[in-house]
Amino acid sequence: MSDVAELDSVDWAILEALQNDATLPNRTLADRVGIAPSTCLQRVRRLRDLGVITGFHAEVDPRTTGLPLEAVVSVNVRPHTRPVVAAFRQFVMAQPETRSLFHVSGQADFLVHIAVADSTHLQAFLMDKIASRTEVRNLTSSVVLERVETRALTPPDDRRPLHRRRRV
């Protein structure tokens, strides 16, 4: 069974609209994508049932909450085994400073996006929480100078469906 859901042009229009504003009322969403409100509601439910839509959230500006300094921390762990990776993942995600965590290939094993109050808070997070862990072999931090908005996920032109899915 494939994990890829069959999405048509209307599904993609719904996804794009909801990624840009998850608070859209169903009637407004239906108007934007050109379908009836009842059809729109069914489509959104289907996208949730398929696991395409995994949730809705509010975007919060860390500066307004007293956490204006953001950084991306590259971390290498050893040994790079499933138990070590799982324990590190669990630890990092339990930290209030963590905004997101990526387990990646390449030079780093993990990229950790954090938000902190100031450089003292950043230093304490790096030294006391990350570097002090026995599995951490090295880390590098990069302060975020500018955060450019996350874009809505849309298909590339060569993968964009041009038609609506037929009902069966």
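## Meeting the structure: strands, a pocket and a record

In strand 3, Leu111 is the bridge partner of Ser74. That pair is a handy way into this predicted model. From there, we can look at how strand 1 sits among its partners, then turn to the largest pocket and an annotated domain.

**Strand 1 and its partners**

- Strand 1 spans residues 69–77, and 7 of its 9 residues are buried, so the rest of the structure largely encloses this strand.
- On one pairing, strand 1 joins strand 3 (residues 110–116) in the antiparallel sense, over 7 bridges.
- Strand 1 also runs antiparallel to strand 4 (residues 136–143), with 7 bridges joining the two.
- To find the pairing with strand 4 by eye, look for Ala71, which stands opposite Val143.

**The largest pocket**

- The volume of the largest pocket is about 1100 Å³.
- Its lining counts 30 residues, and the closest to the pocket's centre are Gln19, Asn20, His57, Glu59 and Thr150.
- Helix 1 (residues 9–20) gives the largest share of this lining, with 5 residues.
- Sorted by class, the lining of the largest pocket holds 15 nonpolar, 8 charged and 7 polar residues.

**The annotated domain**

- An unreviewed UniProt entry carries the annotation "domain: HTH asnC-type" for residues 7–68.
- In the model, the span of residues 7–68 is 53% helix and 0% strand.
- The C-alpha atoms at the two ends of residues 7–68 lie 38 Å apart.

Notes: Residues are numbered from 1 along each chain as its sequence is written. This is a predicted model: local features need pLDDT of at least 70, side-chain atom pairs count only at pLDDT 80 or more; totals for chains, interfaces and linings use all residues. Side-chain values use heavy atoms; hydrogens and water are left out. On a 1 Å grid over the protein atoms alone, a cavity is a set of points where a 1.4 Å probe fits but cannot get out, and a pocket is an open set with protein on both sides within 12 Å along at least five of seven lines; lining residues have an atom within 4 Å of a point. Grid points are joined across faces, edges and corners, and a volume is the space filled by probe spheres set on the points. Helices (H or I, at least four residues) and strands (E, at least two) are DSSP runs, numbered from the N terminus. Ala, Val, Leu, Ile, Met, Phe, Trp, Tyr, Cys and Pro count as nonpolar, Asp, Glu, Lys and Arg as charged, and the others, Gly among them, as polar. UniProt positions are given in the numbering used here, feature names are shortened, and annotations may be inferred rather than shown by experiment. Buried means under 20% relative accessible area, exposed over 50%, partly exposed in between (1.4 Å probe, protein chains only). Two strands pair if DSSP finds at least two bridges between them.
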